[in-house]
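Student: I would like to learn how to read the features of a protein model. Could you take me through them one at a time?

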Amino acid sequence: MNSISVLHIDLFQAGRNASDFYFNTMKNHLVVGHRHIEKPHRHDFYAAVLFTGGTGFHEIDFQKYEVSEGSLFFLSPGQIHSWELSADIEGYIFFCSQEFYEMHYVNQKLRNFPFFGSVSFPRKLQLDILELKQNIQLFQELEKEYQEKNIMKEGLMLSLMSQIFINATRLFSKDFDRVDSSAGLSYFKHYQDFENLIEEHFPDEKSIAYYASLLGISPKHLNRIAQTVVQKTATDVITERVVLEAKRMLMYLDESLVEVAFRLGYEEYSYFVRVFRKNSGMTPTQFIKEYKV
């Protein structure tokens, strides 16, 4: 079985020297990158995609999203994605490496934005008419700066990217209107710390109590944070990360199902199957048949 391909920015550069940033319209991107992106694939860079017309479906890490006018997507390195788009699709897309963005900022990291730092956050924002108009302007300004050779070019590009990311973060956090601003910021910070710990320990540790202890808070409060930020229990967040890793391993690695289960901390394969099926609606065997065709 062939593994999922990992795409690099320079595949899309069409002769440009820079290999840390890329911008294009969706129509041109689909022409330039057709041979690379017609099948499910991964990136080693961060990406943002704004659809301004057309319809279709965009699948990211085995989650299918509907595409329509005003759909804004964010992708992190390592995520598997593919799409089925109508012939009249319109929009904009840009990629950037982690180094391109973070070498210019001392404190700001791409993973600080919830859609890049959290596997539990949805990857899609559906913009209303005003929000879409504002984003189109930012994307077009970014395109113009990318194409021209102006003094302090990178500085303005980074500023425009940051505006896109910050505006999106605010739209994602609209639900925090019911929480005072200081509590909302605290919840976001605790949730990010929670997910960072999960990334370190999820193959071996799956209990809320373990992570709550590392964070210095009670399991009940950790649950409250998860419910407020992503509308899921802390256990759901942990389990979803484990199952996502299982899906990626089943796609990438030629290992037995029992070996995958063991590497993810499940000594009983039957229990792993129950967890996988409850979370994804199918068994690991059914998942392989559906996605490895």
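Tutor: We begin with the largest pocket, which has a volume of about 570 Å³. Keep in mind that this is a predicted model.

Student: How many residues line the largest pocket, and which lie nearest its centre?

Tutor: The lining is made of 29 residues. Nearest the centre are Gln63, Val119, Ser120, Lys232 and Glu240. Strand E6 (63–67), helix H9 (219–230), H10 and helix H12 (269–280) are the elements that give two or more residues to this lining.

Student: Which element gives the largest share of the lining?

Tutor: H10 does, with 6 residues. By kind, the lining of the largest pocket divides into 14 nonpolar, 8 polar and 7 charged residues.

Student: What is the idea behind a salt bridge?

Tutor: Side chains of opposite charge can pair when their charged atoms come close. In this structure there are 7 salt bridges. One of them joins the side chains of Lys232 and Glu240, at 2.7 Å from N to O. Both Lys232 and Glu240 were named above among the residues nearest the centre of the largest pocket. Glu240 is partly exposed, at 27% relative accessibility.

Student: Where do Lys189 and Asp193 lie, and how many residues apart are they?

Tutor: They lie in helix H7 (residues 181–201), and because they are 4 residues apart there, about one helical turn separates them. Their side chains meet in a salt bridge of 2.9 Å, N to O. Lys189 counts as partly exposed at 47% relative accessibility, and Asp193 is also partly exposed, with a relative accessible area of 24%.

Student: Which helix holds both Glu245 and Arg241?

Tutor: Helix H10 (residues 234–252) holds both, with 4 residues, about one turn of the helix, between their positions. The side chains of Glu245 and Arg241 form a salt bridge of 2.9 Å, N to O. Arg241 counts as buried, at 6% relative accessibility. Glu199, Arg241 and Glu245 belong to one network, joined by salt bridges that share partners.

Student: Now a helix and its buried residues. Which residues of helix H8 are buried?

Tutor: In helix H8 (residues 208–215) the buried residues are Ile208, Tyr211, Ala212 and Leu215. Look down the axis of H8: these buried residues fall within an arc of 100°, so they line one face of the helix.

Student: What should I know about the sign of phi?

Tutor: Most residues other than glycine have a negative phi. Just after H8, Gly216 has a positive phi of about 75°. Asp61 is not a glycine, yet its phi is positive, near 50°. Phe62, also not a glycine, has a positive phi of about 70°.

Student: Where is Asp61, and is it buried or exposed?

Tutor: Asp61 sits in the loop between E5 and E6. At 12% relative accessibility, Asp61 counts as buried. Phe62 is found in that loop between E5 and E6 as well, and Phe62 is buried too, with a relative accessible area of 11%.

Student: How many aromatic pairs does a search of the whole structure find?

Tutor: The search finds 36 aromatic pairs. To read a pair, look at the distance between the ring centres and the angle between the planes; planes over 60 degrees apart count as edge-to-face, and planes under 30 degrees apart as stacked. The rings of Phe62 and Phe287 have centres 5.1 Å apart and planes at 75°, so this pair is edge-to-face. The pair links distant parts of the chain, 225 residues apart: Phe62 is in the loop between strand E5 (56–60) and E6, and Phe287 is in helix H13 (residues 284–291). Phe287 counts as buried, at 1% relative accessibility.

Student: What kind of pair do Phe113 and Phe115 form?

Tutor: Their ring centres are 5.9 Å apart and their planes lie at 10°, so the pair is stacked. Phe113 is buried, with a relative accessible area of 5%, and Phe115 is buried, with 0%.

Student: One last feature: what separates the C-alpha atoms of Gly117 and Gln192?

Tutor: The separation is 7.3 Å, although the two residues are 75 residues apart along the chain. Gly117 belongs to helix H4 (residues 114–117) and is buried, with a relative accessible area of 14%.

Methods
Residues numbered from 1 in each chain as written. Predicted model: local features only at pLDDT ≥ 70, side-chain atom pairs only at ≥ 80, totals over all residues. Heavy atoms only, no water. Salt bridge = Lys/Arg side-chain N within 4 Å of Asp/Glu carboxyl O. Buried < 20%, exposed > 50% of the residue type's maximum accessible area, 1.4 Å probe, protein only. 1 Å grid on protein atoms, 1.4 Å probe; cavity = no way out; pocket = protein on both sides within 12 Å on 5 of 7 lines; lining within 4 Å. Points joined across faces, edges and corners; volume = space filled by probe spheres on them. Nonpolar A, V, L, I, M, F, W, Y, C, P; charged D, E, K, R; others polar. Arc of directions from axis to C-beta. Phe/Tyr/Trp six-rings, centres within 6.5 Å; stacked < 30°, edge-to-face > 60°.
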